[in-house]
Amino acid sequence: MNTERPKWNQEGDLSIPTPTTHIKKVSDDLRNSLESRFKTHLRVVESEQLSCEQYLLLMQKGLVRAKELLQRPGEMTPAQDFNVRGLLYDLASQVAPDARISELNELITRMRIRESSRVIDLMSGTGFVSRRVARITQSGVWAVDSSYVQLALQLLRTEPPYPYPHDIWPIKVDLSSPDIFKTVNLAGEMDVADSLGGLHHVSKEKQRPLFANVARLLKVGGRFVFGDVTDMPEGLPLVNHFEHTSAKCITGHVGHWLNEDRLREEILPGLPLRVQKIEVVPIKWRFDSLEQITLFFMGLHALDVDITMENLKNNVILDEIRHFLGITKAGKTYLVGWPLMYVEIERVSGEVPESV
Ligand SMILES: C[S@@+](CC[C@H](N)C(=O)[O-])C[C@H]1O[C@@H](n2cnc3c(N)ncnc32)[C@H](O)[C@@H]1O
């Protein structure tokens with residue numbers, strides 16, 4: 001297979017060097033206004049360890065900019081949501097790069113991948129999972145997302161001047177679309193598909209078509225492993241957090257929660273996919289300080305709240321996290337509860353129905 005990587009060309013477009021790389025020239029109206037900002041953003045956040053004050057300033061500017069983008073006409077799709085708040089989401093992961101490490105480790109362990117496994121990271125965002133996967137497979141990973149901004153940040157971070165030794169092939173597509181195989185010529189090729197924290201962004205009626213596409217991507221015997229928010233009893237603190245705190249998200253955050261019953265009764269019947277394991281795991285996110293927690297959540301959910309240097313350690317974001325998720329301490333580390341459902345599914349033999 002040709003594994004040449006997409007490159008930024010002179011104009012800053014993402015060009016397609018070969019038919020096997022799937023990112024298309026993107027016509028999002030956001031592109032022109034954001035492109036130079038991506039590079040400035042990366043230069044700033046990658047330059048050195050920024051102080052809380054610097055991060056707060058960047059978050060505040062990011063919120064103002066995101067609100068301007070929201071004034072533009074157009075439908076608020078999940079892709080557009082993550083285009084508008086993409087830089088803020090990325091800032092969050094720079095504020096506390098190790099916060100979600102247990103969540104990632106849990107997923108990676110369940111994926112059971114090794115060198116040369118063919119893996120596709122679905123709803124890949126800025127590459128939190130794909131970068132780790134590519135280190136394990138040594139042979140690259142496909143990274144799918146419907147948001148141009150998220151993929152562009154991922155791509156820029158793995159190109160010079162930020163050298164990254166492994167291949168990541170971005171694919172910009174809506175995974176629930178019936179047309180994905182017009183652009184994604186990977187049917188039946190994947191050993192493992194994974195997704196972390198993405199499926200609840202897909203409306204309930206589009207979740208089954210998305211799972212059908214995942215079945216089409218997998219080899220027989222291949223596996224789909226995902227972690228996501230669930231409204232099963234052990235997962236409810238996180239649902240409550242989402243429904244309360246992230247309701248302050250500037251773009252609005254609507255969650256379409258998954259659970260074992262919906263999977264078994266609504267989503268999977270008739271698809272050649274068999275559940276191997278479903279488990280809600282009491283993940284904890286880790287932080288160095290209360291200030292870091294505030295800034296991380298402000299960026300993660302694009303929270304439009306009045307945060308200043310004076311209230312960085314004592315504010316409504318922290319109050320609500322304490323209330324819904326709990327903040328505990330282990331030594332010097334602050335732990336925030338983040339119970340996630342992990343699901344392991346196997347592609348069994350059989351056709352995927354054409355329309356689902
Ligand atoms: C919360 S982020 C998670 C990103 C990454 N997996 C992580 O753990 O940091 C969810 C991502 O799902 C993407 N997304 C939402 N709906 C999608 C769809 N229908 N097809 C492809 N990507 C989608 C969004 O653009 C966003 O980047």
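This report covers the overall make-up of the chain, strand β4 with its partners, and helix α10.

The model is predicted. Its chain holds 13 helices and 10 strands. Of the 356 residues, 45% count as buried. Contacts with a separation of 6 or more come to a great extent from distant positions: residues 24 or more positions apart account for 76% of them.

**Strand β4**

Strand β4 spans residues 190-196. Seven of its seven residues are buried, so the strand is largely enclosed by the rest of the structure. A residue counts as buried here if 20 or more other C-beta atoms lie within 10 Å of its own.

β4 pairs with β1 and with β5, as tabulated.

| Partner of β4 | Residues of partner | Bridges | Direction |
|---|---|---|---|
| β1 | residues 119-122 | four bridges | parallel |
| β5 | residues 218-228 | six bridges | parallel |

Single residues fix the register. On the β1 side, Val119 stands opposite Val192 of β4. On the β5 side, Leu196 of β4 stands opposite Gly227. The chain gets from β4 to β5 through helix α9, residues 204-217. This β-α-β crossover is right-handed.

**Helix α10**

Helix α10 covers residues 236-244. Buried in this helix are Leu238, His241 and Phe242. Seen down the axis of α10, the buried residues fall within an arc of 95 degrees, so they line one face of the helix. What do the buried residues of α10 pack against? Their partner is α13, residues 316-324.

Technical notes. Residues are numbered from 1 along each chain as its sequence is written. This is a predicted model: local features need pLDDT of at least 70, side-chain atom pairs count only at pLDDT 80 or more; totals for chains, interfaces and linings use all residues. A residue is buried if 20 or more other C-beta atoms lie within 10 Å of its own, exposed if 12 or fewer, and partly exposed in between; C-beta atoms are placed from the backbone. Helices (H or I, at least four residues) and strands (E, at least two) are DSSP runs, numbered from the N terminus. Two strands pair if DSSP finds at least two bridges between them. A crossover is right-handed if, with the strands pointing away from the viewer, the path from the first strand over the helix to the second runs clockwise. The arc is that of the directions from the helix axis to the C-beta atoms. Two residues are in contact if their C-beta atoms, placed from the backbone, lie within 7 Å.
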